[in-house]
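Student: I am new to this structure and would like a close look at a single part of it. Could you pick one helix and walk me through what surrounds it?

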Amino acid sequence: MNKFIALVFALSLFGSSVYASGCSEMAAFNTKIKKALKTASFNEKTLADIRNLQSECKRQHDMGMSVNAISSCNKALDLVAVN
């Protein structure tokens with residue numbers, strides 16, 4: 001019984017760190033985009049493109065992909081010229 005409790009505890013710690021790293025990764029992406037949108041001006045088409053890429057990025061991230069590996073995230077950052 002003690003081994004089972006230890007196993008459940010270890011798995012919950014591992015699982016929570018995975019989710020936490022993903023959240024901070026997405027938060028950093030959103031912060032970069034928001035900061036760029038506040039400091040620069042973009043035309044309506046570019047703003048729409050950025051918003052669509054952000055949505056696609058979030059959708060794929062919610063499916064478990066890393067922000068760095070998602071092409072729509074990288075394209076959005078390229079549009080706002082953030083590296």
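Tutor: Happy to help; here is a tour that starts from the whole chain and then stays with helix α1 and its neighbours.

Please keep in mind that this is a predicted model. The secondary structure comes to 3 helices and 0 strands, and from the N terminus on the elements run α-α-α. Of the 83 residues of the chain, 25% count as buried. Among contacts with a separation of 6 or more, 60% are between residues 24 or more positions apart.

Let us begin with E25, which lies in helix α1, residues 2-39. Is E25 buried or exposed? The answer sits in between: its relative accessible area is 23%, so E25 is partly exposed, because buried would require a value under 20%. Leaving aside residues up to four places away in sequence, E25 touches H61, S66, V67 and N68. Take H61 from that list: E25 and H61 are 36 residues apart in sequence, while their C-alpha atoms are 9.5 Å apart in space. Two of the other partners can be described atom by atom. The side chain of E25 makes a polar contact with the side chain of S66, at 2.8 Å. The side chain of E25 also reaches the backbone nitrogen of V67, at 3.4 Å.

Now move to the nonpolar interior. The largest nonpolar core has 14 residues, and F29, I33 and C73 touch the most other members. Helices α1, α2 (44-62) and α3 (71-79) each supply at least two residues of this core. Which helix gives the most to this core? It is α1, with 5 residues.

I33 is a good place to pause. Not counting residues up to four places away in sequence, I33 touches I50, Q54, A76, L77 and V80. One of these partners, Q54, has its place in helix α2. Q54 is buried, because its relative accessible area of 12% is under the 20% cut-off. Beyond residues up to four places away in sequence, Q54 touches F29, N30 and I33. Look at the pair Q54 and F29: they are 25 residues apart in sequence and 9.1 Å apart in space, C-alpha to C-alpha.

Finally, how do the other two helices meet? The axes of α2 and α3 are 8 Å apart, and the two helices pack at an angle of about 150°. An angle over 145 degrees counts as roughly antiparallel, and therefore α2 and α3 are roughly antiparallel to each other. The crossing in which α2 passes α3 is left-handed. On the α2 side the contact is made by D49, I50, L53, E56, C57 and Q60, and on the α3 side by S72, C73, K75, A76 and L79. Some of these names should look familiar: I50 and A76 are among the residues that I33 touches, and C73 is one of the core residues that touch the most other members.

Terms used:
Residues numbered from 1 in each chain as written. Predicted model: local features only at pLDDT ≥ 70, side-chain atom pairs only at ≥ 80, totals over all residues. Heavy atoms only, no water. Helix = DSSP H or I, 4+ residues; strand = E, 2+ residues; numbered from the N terminus. Buried < 20%, exposed > 50% of the residue type's maximum accessible area, 1.4 Å probe, protein only. Contact = heavy atoms within 4.5 Å. Polar contact = N/O pair within 3.5 Å; in protein donor to acceptor, adjacent residues only side chain to side chain. Core = buried A, V, L, I, M, F, W, Y, C linked by side-chain atoms within 4.5 Å. Axes fitted to C-alpha atoms, helices over the stretch in contact; angles between N-to-C directions. Parallel < 35°, antiparallel > 145°, perpendicular 65-115°, else oblique. Left-handed = near helix turned anticlockwise from the far one by under 90°.
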